[in-house]
Amino acid sequence: MQIAADIVMILVQNLVFQSLLGLSPAAVSVKNGRGLLRLGVLTMLCCTLSSVLTAMIRPAIPNLWQKLLFPLCNALICGSFCIILVLLSRKSKHLKRFVIPGIYYAACSSAVLGTMLLSTEYTHDIPVAFRYGFRSGAGYLGVCIMLKMAAPLLYSEHMPQAVRGWKGLLLYAGILSMAAACIFS
Amino acid sequence: MKASPKITGTQSVLLSGAVIAPIAAFSVSLTQAAAVSFAFFCITFLTVLAGSLIPVKLPLSLRILLYSVIGCLVYIPVAVLTVNLFPSVSGGIYIPLLSSALYLTAGFQRYFRRKHLFRDLLKNLLSVICTAMLTGCIREVLGSGTVAGIPLRFQPPLPILVHPSGGLILLVLILTAVPYLRGKEAAHADCG
């Protein structure tokens, strides 16, 4: 029952559709729509990890300073995750090919999603933060999959030259967001 | 001296994705667009200037981390200043997002020539501010039927513009139209 509720929440509380968060790294990080899946997976990992770590750090930050210091905490967590992954990927060629091209954009989208997470009340308990972070990441991965499916057409010659590429991708995301608002509101 | 085609042909900072969500989702009125523009200008200007002191020899991942830390530190006084200057505007999550989005700073730094950093940066930031203000103005007039909070004597014809999706579509249309108004050469540079 809990899993079903989580799946529904991934669709209903999708941060990309609701607030367009993390959409820009998705639009600009990919050439011809490639790498969107990688971006989604890395973002999901980073977002889940950063939400758990944030929940651990939160009690140490005074209430008055939380809003101002959250972006800094989040940037440090995502940046450290990024450095660790880059160092790990040096040991394996396959990992390097997977991680390096998308890690910086994934860190950016995770930082953006994480900032949203930090401004909510979900980061007081570690399990709740884990679930919320995972849901945000999974929602982002879902959007990346949807964009990837449409990318070949959006980057093809069938699109007018003026909106071909990332502009078409953003327009498509806008239409999806509108549809999501109509369905889930 | 003629500016680089990359600078004149594209809105590099906007294209690097740092401010798409704050403009498309948050700038629903002229006042909100002004608040987000002010915060973005201060945070990015100070961060890129301070970031230019970071040695290029450092590994990219470390440079990006340093950039975002600088951005988040700059965000603290800017957030306080924005709240005081625009008391009617609640920045929500979009002002903090501006500092998070600075992960892309290292990405768009390549657009700025080190020699003309100040000029290139100013030019790019002004183009972002103009886009944000134009988006905010159109959304307020056509979406809410007001100008700077003063109601106009007609029903807003496009209330969808108040929603983030409407804002995103409008922003893409502006980004598509502007290069064509500037000339075909710039438009081709943008589409590439």
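## A helical model with chains A and B

B:Thr176 is found in helix 9 of chain B, which covers residues 164-182. Before we look around, please keep in mind that this is a predicted model. Chain A holds 8 helices and 0 strands, and the structure has 0 disulfides over all chains. The points below start at B:Thr176, then move through chain A and end with the cysteines.

**Around B:Thr176**

- B:Thr176 is buried, because its relative accessible area is 10% and the cut-off for buried is under 20%.
- The side chain of B:Thr176 makes a polar contact with the backbone oxygen of B:Val172, at 2.6 Å.
- Leaving aside residues up to four places away in sequence, B:Thr176 touches three residues of the other chain: A:Ala162, A:Val163 and A:Lys167.

**Chain A as a whole**

- Read along the sequence, the pattern of chain A is α-α-α-α-α-α-α-α, in keeping with its 8 helices and 0 strands.
- Chain A has 185 residues, and 56% of them count as buried.
- Take the contacts in chain A between residues at least 6 apart in sequence: 73% of these join residues at least 24 apart.
- The area that chain A exposes is about 8800 Å², with 70% of it supplied by carbon and sulfur atoms.

**The nonpolar surface patch**

- A:Val8, A:Leu11, A:Val12, A:Ile183 and A:Phe184 make a nonpolar surface patch of about 430 Å².
- Two elements of chain A give two or more residues to this patch, namely helix 1 (2-12) and helix 8 (166-184).
- Helix 1 of chain A provides the largest share of the patch, with 3 residues.
- A:Val8, one of the patch residues, sits in helix 1 of chain A.
- Why does A:Val8 count as partly exposed? Its relative accessibility is 47%, and partly exposed is the range between the 20% limit for buried and the 50% limit for exposed.

**Two places in chain A to compare**

- A:Pro59 lies in the loop between helix 4 (36-57) and helix 5 (63-89) of chain A.
- Is A:Pro59 buried or exposed? A:Pro59 counts as exposed, because its relative accessibility is 65% and the cut-off for exposed is over 50%.
- From C-alpha to C-alpha, A:Pro59 is 9.9 Å in space from A:Asp125, although 66 residues separate the two in sequence.
- A:Leu85 belongs to helix 5 of chain A, and its relative accessibility of 13% makes it buried.
- Not counting residues up to four places away in sequence, the residues that A:Leu85 touches are A:Leu42, A:Val99 and A:Ile103.
- A:Val99, one of those contacts, is 14 residues from A:Leu85 in sequence and 7.3 Å from it in space, C-alpha to C-alpha.

**Cysteines without disulfides**

- How many disulfides does the structure hold over all chains? The count is 0.
- For B:Cys72, the closest cysteine sulfur is in A:Cys73, at 9.0 Å from its own sulfur. That is too far for a bond, because a disulfide needs the two sulfur atoms within 2.5 Å.
- B:Cys72 counts as buried, with a relative accessibility of 0%.
- B:Cys137, by contrast, is partly exposed, with a relative accessible area of 31%.

Definitions and conventions
Residues numbered from 1 in each chain as written. Chains lettered and ligands numbered in written order. Predicted model: local features only at pLDDT ≥ 70, side-chain atom pairs only at ≥ 80, totals over all residues. Heavy atoms only, no water. Patch = residues over 30% accessible without salt bridge, like charges linked within 9 Å, V, L, I, M, F, W, Y side chains within 5 Å. Areas by Shrake-Rupley, 256 points an atom, 1.4 Å probe, with all protein chains shown as cover. Salt bridge = Lys/Arg side-chain N within 4 Å of Asp/Glu carboxyl O. Helix = DSSP H or I, 4+ residues; strand = E, 2+ residues; numbered from the N terminus. Buried < 20%, exposed > 50% of the residue type's maximum accessible area, 1.4 Å probe, protein only. Polar contact = N/O pair within 3.5 Å; in protein donor to acceptor, adjacent residues only side chain to side chain. Contact = heavy atoms within 4.5 Å.
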